[in-house]
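Me: I'm new to reading protein structures, and I'd like a close look at one single part. Could you walk me through the largest cavity and what lines it, and then show me how the rest fits around that?

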Amino acid sequence: MECTLDAQSLISISLRKIHSSRTQRGGIKLHKNLLVSYVLRNARQLYLSERYAELYRRQQHYPDGAPLLAMPVCPPPAAAAPPELAALPLPADTQDREARSCGAARGGAELLEVPVCAAPPELQRAPCRDSSPGFYRAPGSAGPGGGGGGAAPGLLYAAGCDFGSGGAPHCSSRTTVLDLDTHVVTTVENGYLHQDCCSQCPCCCQPAPGLASPPPAPGTKRKYYPGQEEEEEGVEEGEPGGGGVAGGPPFAPCTKRARFEEYSAEHPQDSSNISNLISIFGSGFTGLVSRQQADSEQPLNGQLCSKQALASLGAWTRAIVAF
Amino acid sequence: FLAGFGSLMQDVLWCFSQVKGTIDVGVTEADIISTVEFNHTGELLATGDKGGRVVIFQREQESKNQPHRRGEYNVYSTFQSHEPEFDYLKSLEIEEKINKIRWLPQQNAAYFLLSTNDKTVKLWKVSERDKRPEGYNLKDEDGRLRDPSMITMLRVPVLRPMDLMVEATPRRVFANAHTYHINSISVNSDYETYMSADDLRINLWNFEITNQSFNIVDIKPANMEELTEVITAAEFHPHHCNTFVYSSSKGTIRLCDMRTAALCDRHAKFFEEPEDPSNRSFFSEIISSISDVKFSHSGRYIMTRDYLTVKVWDLNMENRPIETYQVHDYLRSKLCSLYENDCIFDKFECVWNGSDSVIMTGSYNNFFRMFDRNTKRDVTLEASRENSKPRAILKPRKVCVGGKRRKDEISVDSLDFSKKILHTAWHPSENIIAVAATNNLYIFQDKVN
């Protein structure tokens, strides 16, 4: 199919559409936003797989572990569908996911930490190559089916995970997050992210001591649903979930969900929150998309986390984390 | 004209009959026609627009003096059906645009129709008044009250003829039952109930009761993050009052039987065609979303419209459609641009002719397409002012897909995507079609030999 847009442009365009739907007359159109989220998912899958492929190529090129630039440790993504989506009837998906996600990690876990903004420009501007149709066609290769057909596309994030080359992998992760609505920068520290990246990387499944950390301290911020890692992990790596992502009180994914459902029951008009989140920041992946209410003026503090839980109704509006 | 008339493409020549609407270059958004529907006899033709107005045209009686003017449609009634509203609780504006109009079968002298916007369905009664009472005792001809003490004799008021007046009154308002945007309404064959469908739910109403409705389909997941599809259209079976279908954004159709359970979340039949993996693209999900579903008049088939095709399904075969027609496949390579300019989200409708032998749907550049199911021929016609001379025969149009463009062909890149025909209607028993082109309504008839 002739495509004059690369994956990143498509992502930008899609986010813009979701954003502008906030202000359209008649309220947010659930159907249209759902369809846009599918495009977002498809484009993101391609984008991530391309970056991943690039990373792998570079790795081959520099086997001694010179610091490489790589982005996502494991494409959470499409594969990162909430557990509920596991039930979706797309048998090809599981294959796709296994083939793709964490593939490079498994391959050798030589991934090194990289700030994404330093990613080679050519990755960011990767044109929609011929490989992209192939990307979609070949089952077992990085296929879009990996999304589990879910509407949980658009969960874009990249956790930085630092693996010492050749040595015992360790994860120290620090993610800087810019809230586009309030323009406040927060740094998410180890306790939180460590588990997340561990859950995806078999190479690093030792929970760091003190991992059962207290609830996100003020200044930290929850960005996505750790429950997804639980699910992904369960399906692909068969590991019990290094570090117990699921259900740990500090992370409160369950709590979050419970709140979500509660809130959802009281506020049937979920779709109105969908577009509250997204702004575009620079090029597609270098901004945080905050899931706040459109009218929220909450100061960015620890409270925000719980409020965000309450506010996180929109099905598929997502956080895009900036390094 | 028999119902089984001129269904063969080669026999039917379509002629321009009328066009309604202004010729102004700038189109007022409120004038954009958003729905078109003939009533059950074809005598009336209703349109709804973005401004919340309904205009009803009535076919004039055929005149022996002018047999070639086979009954023109003239304005019969115009009224404001819906107004813009504001939901203060949710800070949402509710558009007044009329999404659908459905007629009730006529049971007395008055006409009844349902019209709906995103949130509220209304039952309108359209009736004629051609007499008025005169000779009241307590008030004079101007309506001023008389002083009762001045009245010395009584008389019985009489009805005198007056100029015909058509009045539309809202008889029922069915509100507050939909959280999401209503996309369909469908009158049941029992003529006592109807359904309204939004993105996630379908409600069943009794015409007499406005303060309650039964929820018969609910696909809202417990966790909205699990949402993967929405309801896009729904319709009752034309004869079986317990059966209805609804289509989804995933390109599937479910047929439900209300006798099996109060909540019809479990379908009786599930129609889905496997995806062709070679056609996979970024936009596969969008173009497979069904924008319209219609039962055939016979009740044996359903027709669905997605972005590029129209499909006919046999109710007895769930695994694939029996017929697939390409509406404008040349757009397949343009999906990126169509996504950028939002055209890919356009919701085209589709209609059957009276004998279920021909189906029709719209396209861009004010083109519309007809497919003859028997001969497998198809034709592309255009609704334009240039072809609007009285009884002018419409010339088939052709889109050239590359290579040499012939003289009368139009190339894909020259198509005007702002001129889209989303709504069409076919007279229930004759070859008369109504085609909505933005703010103009075109009426075409077949050539009278």
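Reply: Here is a walk through the largest cavity, followed by two unusual backbone spots and a short look at chain A. Please keep in mind that this is a predicted model.

Let's start with the search itself. Across the whole structure, 6 cavities of 30 Å³ or more turn up. The largest cavity has a volume of about 70 Å³.

Which residues line the largest cavity? The lining is made of B:Lys100, B:Arg102, B:Ser184, B:Ile185, B:Ser186, B:Ala233, B:Ala234, B:Glu235, B:Asp292, B:Val293 and B:Lys294. To find your way around them, look at the elements of chain B that give two or more residues to this lining: β8 (100-103), β12 (184-187), β16 (231-236) and β20 (292-295). You can also sort the lining by class, which gives 4 nonpolar, 2 polar and 5 charged residues. B:Ser184 and B:Ser186 are among the residues of the lining, and serine counts as polar.

Now stay with chain B and follow the backbone. The loop between β11 (158-174) and β12 holds B:Asn176, and β12 is one of the elements that contribute to the cavity lining. What makes B:Asn176 worth a look is a positive phi of about 60 degrees, although this residue is not a glycine. As background, most residues other than glycine have a negative phi. B:Asn366 is another case: its phi is near 60 degrees, again a positive value in a residue other than glycine. This asparagine is found in the loop between β25 (358-362) and β26 (367-372) of chain B.

Are these two asparagines buried or exposed? B:Asn176 counts as exposed because its relative accessibility is 79%, and the cut-off for exposed is over 50%. B:Asn366 has a relative accessible area of 9%, so it is buried; here the cut-off is under 20%.

Finally, turn to chain A. This chain has 11 helices and 2 strands. Along the sequence, the order of its elements is α-α-α-α-α-α-β-β-α-α-α-α-α. Chain A has 323 residues, and 59% of them count as buried. The area exposed by chain A is about 11500 Å², with 57% of it supplied by carbon and sulfur atoms. As for contacts in chain A with a separation of 6 or more, 78% of them involve residues 24 or more positions apart.

Technical notes: Residues are numbered from 1 along each chain as its sequence is written. Chains are lettered from A and ligands numbered from 1 in the order in which they are written. This is a predicted model: local features need pLDDT of at least 70, side-chain atom pairs count only at pLDDT 80 or more; totals for chains, interfaces and linings use all residues. Side-chain values use heavy atoms; hydrogens and water are left out. Helices (H or I, at least four residues) and strands (E, at least two) are DSSP runs, numbered from the N terminus. Buried means under 20% relative accessible area, exposed over 50%, partly exposed in between (1.4 Å probe, protein chains only). Contact means heavy atoms within 4.5 Å. Accessible areas come from the Shrake-Rupley method with a 1.4 Å probe; for residues, only the protein chains shown count as cover. On a 1 Å grid over the protein atoms alone, a cavity is a set of points where a 1.4 Å probe fits but cannot get out, and a pocket is an open set with protein on both sides within 12 Å along at least five of seven lines; lining residues have an atom within 4 Å of a point. Grid points are joined across faces, edges and corners, and a volume is the space filled by probe spheres set on the points.
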